[in-house]
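Below are some notes on the model, offered as numbered points for discussion. They go from the chain as a whole to its cores and then to a single residue.

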Amino acid sequence: MKKLISSVLLLITSLLFSSCEKGSIDHTTLCRFTFLYSYHSTSLIFVAAQNPGCYVFVSTRGDGKSVTRQVNVESNDGRTEQNTIRTAVENNFPYVLGTNNEIGLIIGMTNFDGLRAYDRCCPNCNLQRALQWTGDKQHVKCNLCSRVYSLETGVVTDGEQGDILRRYNCSFNGESLNAWN
(Lines give C-alpha, C1' and ligand atoms only; values in the text may rest on other atoms or scores of the structure.)
Protein backbone atom coordinates (compact mmCIF):
# COMPACT_ATOMS: atom_id res chain seq x y z
CA MET A 1 0.00 0.00 0.00
CA LYS A 2 2.83 2.42 0.88
CA LYS A 3 4.44 1.64 -2.46
CA LEU A 4 1.20 2.50 -4.29
CA ILE A 5 0.77 5.77 -2.36
CA SER A 6 4.40 6.71 -3.06
CA SER A 7 3.91 5.99 -6.76
CA VAL A 8 0.74 8.07 -6.91
CA LEU A 9 2.39 10.98 -5.07
CA LEU A 10 5.39 10.82 -7.42
CA LEU A 11 3.08 10.85 -10.45
CA ILE A 12 1.07 13.81 -9.11
CA THR A 13 4.26 15.75 -8.30
CA SER A 14 5.72 15.16 -11.77
CA LEU A 15 2.44 16.21 -13.42
CA LEU A 16 2.32 19.40 -11.36
CA PHE A 17 5.86 20.38 -12.28
CA SER A 18 5.44 19.54 -15.96
CA SER A 19 2.12 21.42 -16.17
CA CYS A 20 3.74 24.56 -14.72
CA GLU A 21 6.32 24.67 -17.50
CA LYS A 22 3.76 23.94 -20.23
CA GLY A 23 1.41 26.52 -18.74
CA SER A 24 3.89 29.31 -19.33
CA ILE A 25 3.91 28.71 -23.10
CA ASP A 26 1.06 30.32 -25.04
CA HIS A 27 -0.97 27.91 -27.18
CA THR A 28 -3.76 30.29 -28.20
CA THR A 29 -1.89 31.73 -31.21
CA LEU A 30 0.26 29.68 -33.55
CA CYS A 31 4.01 30.32 -33.65
CA ARG A 32 6.41 28.57 -36.06
CA PHE A 33 9.73 30.20 -36.91
CA THR A 34 13.04 28.68 -38.01
CA PHE A 35 16.10 30.71 -38.95
CA LEU A 36 19.26 28.98 -40.18
CA TYR A 37 22.70 30.03 -38.99
CA SER A 38 24.41 28.63 -42.10
CA TYR A 39 22.60 31.17 -44.32
CA HIS A 40 22.55 34.14 -41.92
CA SER A 41 25.50 33.71 -39.54
CA THR A 42 25.97 37.45 -39.01
CA SER A 43 22.30 38.12 -38.23
CA LEU A 44 21.36 40.15 -35.20
CA ILE A 45 19.00 37.29 -34.30
CA PHE A 46 21.99 35.11 -33.43
CA VAL A 47 23.65 37.94 -31.49
CA ALA A 48 20.49 38.21 -29.36
CA ALA A 49 20.27 34.42 -28.95
CA GLN A 50 23.72 34.26 -27.36
CA ASN A 51 24.11 37.44 -25.32
CA PRO A 52 22.18 38.15 -22.10
CA GLY A 53 20.25 41.42 -22.25
CA CYS A 54 20.18 41.47 -26.07
CA TYR A 55 16.76 41.34 -27.72
CA VAL A 56 15.42 41.75 -31.24
CA PHE A 57 12.07 42.41 -32.87
CA VAL A 58 11.57 39.88 -35.70
CA SER A 59 8.91 40.20 -38.40
CA THR A 60 8.35 38.84 -41.90
CA ARG A 61 7.01 40.12 -45.18
CA GLY A 62 6.25 38.18 -48.34
CA ASP A 63 5.11 34.60 -48.85
CA GLY A 64 8.27 33.18 -50.45
CA LYS A 65 6.32 32.26 -53.58
CA SER A 66 4.86 35.26 -55.39
CA VAL A 67 6.64 37.79 -53.17
CA THR A 68 10.19 37.26 -51.92
CA ARG A 69 10.16 36.62 -48.19
CA GLN A 70 12.03 39.04 -45.91
CA VAL A 71 12.88 38.49 -42.25
CA ASN A 72 13.22 41.95 -40.74
CA VAL A 73 15.13 42.49 -37.51
CA GLU A 74 15.51 45.45 -35.16
CA SER A 75 17.83 45.08 -32.17
CA ASN A 76 17.43 46.79 -28.83
CA ASP A 77 20.65 48.72 -29.56
CA GLY A 78 19.05 50.39 -32.61
CA ARG A 79 20.52 48.31 -35.45
CA THR A 80 18.25 46.94 -38.20
CA GLU A 81 18.62 44.38 -40.97
CA GLN A 82 16.61 42.72 -43.71
CA ASN A 83 17.34 39.08 -44.45
CA THR A 84 16.13 37.92 -47.86
CA ILE A 85 15.01 34.30 -47.86
CA ARG A 86 16.29 32.85 -51.13
CA THR A 87 16.72 29.10 -50.65
CA ALA A 88 14.07 26.46 -51.18
CA VAL A 89 14.94 24.99 -47.77
CA GLU A 90 14.11 28.24 -46.00
CA ASN A 91 11.06 29.01 -48.13
CA ASN A 92 9.59 25.63 -47.15
CA PHE A 93 9.65 26.52 -43.44
CA PRO A 94 6.41 27.87 -42.06
CA TYR A 95 6.75 31.47 -40.91
CA VAL A 96 3.94 32.07 -38.44
CA LEU A 97 5.05 34.66 -35.91
CA GLY A 98 2.29 34.59 -33.30
CA THR A 99 -0.60 37.04 -33.45
CA ASN A 100 0.62 38.94 -36.54
CA ASN A 101 3.61 38.17 -38.80
CA GLU A 102 4.05 41.82 -39.72
CA ILE A 103 4.29 42.74 -36.03
CA GLY A 104 6.15 39.56 -35.13
CA LEU A 105 8.18 38.32 -32.19
CA ILE A 106 10.64 39.52 -29.59
CA ILE A 107 13.57 37.11 -29.27
CA GLY A 108 16.44 37.39 -26.85
CA MET A 109 18.52 36.05 -24.03
CA THR A 110 17.41 36.85 -20.50
CA ASN A 111 19.99 37.30 -17.77
CA PHE A 112 18.67 34.45 -15.61
CA ASP A 113 16.26 32.20 -17.53
CA GLY A 114 17.88 31.76 -20.94
CA LEU A 115 16.51 32.24 -24.43
CA ARG A 116 12.98 33.62 -24.80
CA ALA A 117 10.51 34.32 -27.58
CA TYR A 118 7.56 36.59 -26.88
CA ASP A 119 4.73 37.77 -29.10
CA ARG A 120 5.30 41.44 -29.94
CA CYS A 121 1.56 42.26 -29.79
CA CYS A 122 0.27 43.67 -26.52
CA PRO A 123 -1.64 40.86 -24.76
CA ASN A 124 -3.96 43.36 -23.03
CA CYS A 125 -5.24 45.38 -26.00
CA ASN A 126 -8.00 44.20 -28.32
CA LEU A 127 -6.25 45.90 -31.22
CA GLN A 128 -3.05 44.32 -32.49
CA ARG A 129 -0.52 46.84 -31.19
CA ALA A 130 3.23 46.46 -31.66
CA LEU A 131 5.19 46.87 -28.46
CA GLN A 132 8.07 49.39 -28.57
CA TRP A 133 11.44 49.55 -26.79
CA THR A 134 11.59 51.66 -23.65
CA GLY A 135 14.58 53.86 -22.78
CA ASP A 136 16.47 51.05 -21.02
CA LYS A 137 15.85 48.58 -23.89
CA GLN A 138 15.15 45.81 -21.36
CA HIS A 139 11.42 46.54 -21.32
CA VAL A 140 8.77 47.10 -23.99
CA LYS A 141 5.77 49.40 -23.85
CA CYS A 142 2.34 49.48 -25.47
CA ASN A 143 1.60 52.98 -26.67
CA LEU A 144 -2.16 52.32 -26.49
CA CYS A 145 -2.62 51.01 -22.92
CA SER A 146 0.72 52.36 -21.56
CA ARG A 147 1.68 49.07 -19.91
CA VAL A 148 5.40 48.34 -19.66
CA TYR A 149 6.59 44.71 -19.75
CA SER A 150 9.87 43.23 -18.52
CA LEU A 151 11.70 41.19 -21.15
CA GLU A 152 13.37 39.24 -18.34
CA THR A 153 10.04 37.85 -17.07
CA GLY A 154 7.26 39.04 -19.40
CA VAL A 155 5.30 40.61 -16.53
CA VAL A 156 3.76 44.09 -16.40
CA THR A 157 6.18 46.36 -14.49
CA ASP A 158 4.43 49.69 -14.98
CA GLY A 159 0.83 50.66 -15.71
CA GLU A 160 -2.40 48.83 -14.95
CA GLN A 161 -1.84 45.17 -14.10
CA GLY A 162 -2.79 42.69 -16.79
CA ASP A 163 -1.76 39.59 -18.69
CA ILE A 164 1.92 38.76 -19.11
CA LEU A 165 3.53 38.70 -22.57
CA ARG A 166 2.57 35.67 -24.66
CA ARG A 167 5.59 33.38 -24.58
CA TYR A 168 6.64 30.70 -27.04
CA ASN A 169 9.23 27.92 -26.86
CA CYS A 170 12.59 29.05 -28.20
CA SER A 171 15.88 27.25 -28.82
CA PHE A 172 19.20 27.80 -30.57
CA ASN A 173 21.41 24.77 -31.15
CA GLY A 174 24.24 26.47 -33.05
CA GLU A 175 22.65 25.62 -36.42
CA SER A 176 19.13 27.00 -36.23
CA LEU A 177 17.00 29.22 -34.04
CA ASN A 178 13.47 27.93 -33.54
CA ALA A 179 10.40 29.48 -31.94
CA TRP A 180 7.24 27.40 -31.66
CA ASN A 181 4.29 26.31 -29.57
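1. A residue counts as buried here when its relative accessible area is under 20%. By that cut-off, 43% of the 181 residues of the chain are buried, with the caveat that this is a predicted model.

2. The chain contains three helices and 13 strands, and of the contacts between residues at least 6 apart in sequence, 55% join residues at least 24 apart. Its accessible surface is about 9,800 Å², and carbon and sulfur atoms account for 53% of that area.

3. The largest nonpolar core comprises 24 residues, and Phe 33, Ile 45, Val 71, Ile 107 and Leu 177 are those with the most contacts inside it. Several elements each supply at least two residues of this core, among them strands S1 (31-36), S3 (69-75) and S13 (176-180), while helix H2 provides the largest share, namely five residues. A second core, separate from this one, has 14 residues and includes Cys 125, Trp 133, Val 156 and Leu 165.

4. Leaving aside residues up to four places away in sequence, Val 71 touches a set of residues that includes Phe 33, Phe 35, Ile 45, Ile 85 and Tyr 95, and also Ser 59.

5. Is Ser 59, which Val 71 touches, buried or exposed? Ser 59 lies in strand S2 (residues 55-61), and it counts as buried because its relative accessibility is 13%, under the 20% cut-off. Beyond four places in sequence, the contacts of Ser 59 include Gln 70, Val 71 and Asn 72, together with Leu 97 and the residues Asn 101, Glu 102, Ile 103 and Gly 104.

How values were computed
Residues numbered from 1 in each chain as written. Predicted model: local features only at pLDDT ≥ 70, side-chain atom pairs only at ≥ 80, totals over all residues. Heavy atoms only, no water. Helix = DSSP H or I, 4+ residues; strand = E, 2+ residues; numbered from the N terminus. Buried < 20%, exposed > 50% of the residue type's maximum accessible area, 1.4 Å probe, protein only. Contact = heavy atoms within 4.5 Å. Areas by Shrake-Rupley, 256 points an atom, 1.4 Å probe, with all protein chains shown as cover. Core = buried A, V, L, I, M, F, W, Y, C linked by side-chain atoms within 4.5 Å.
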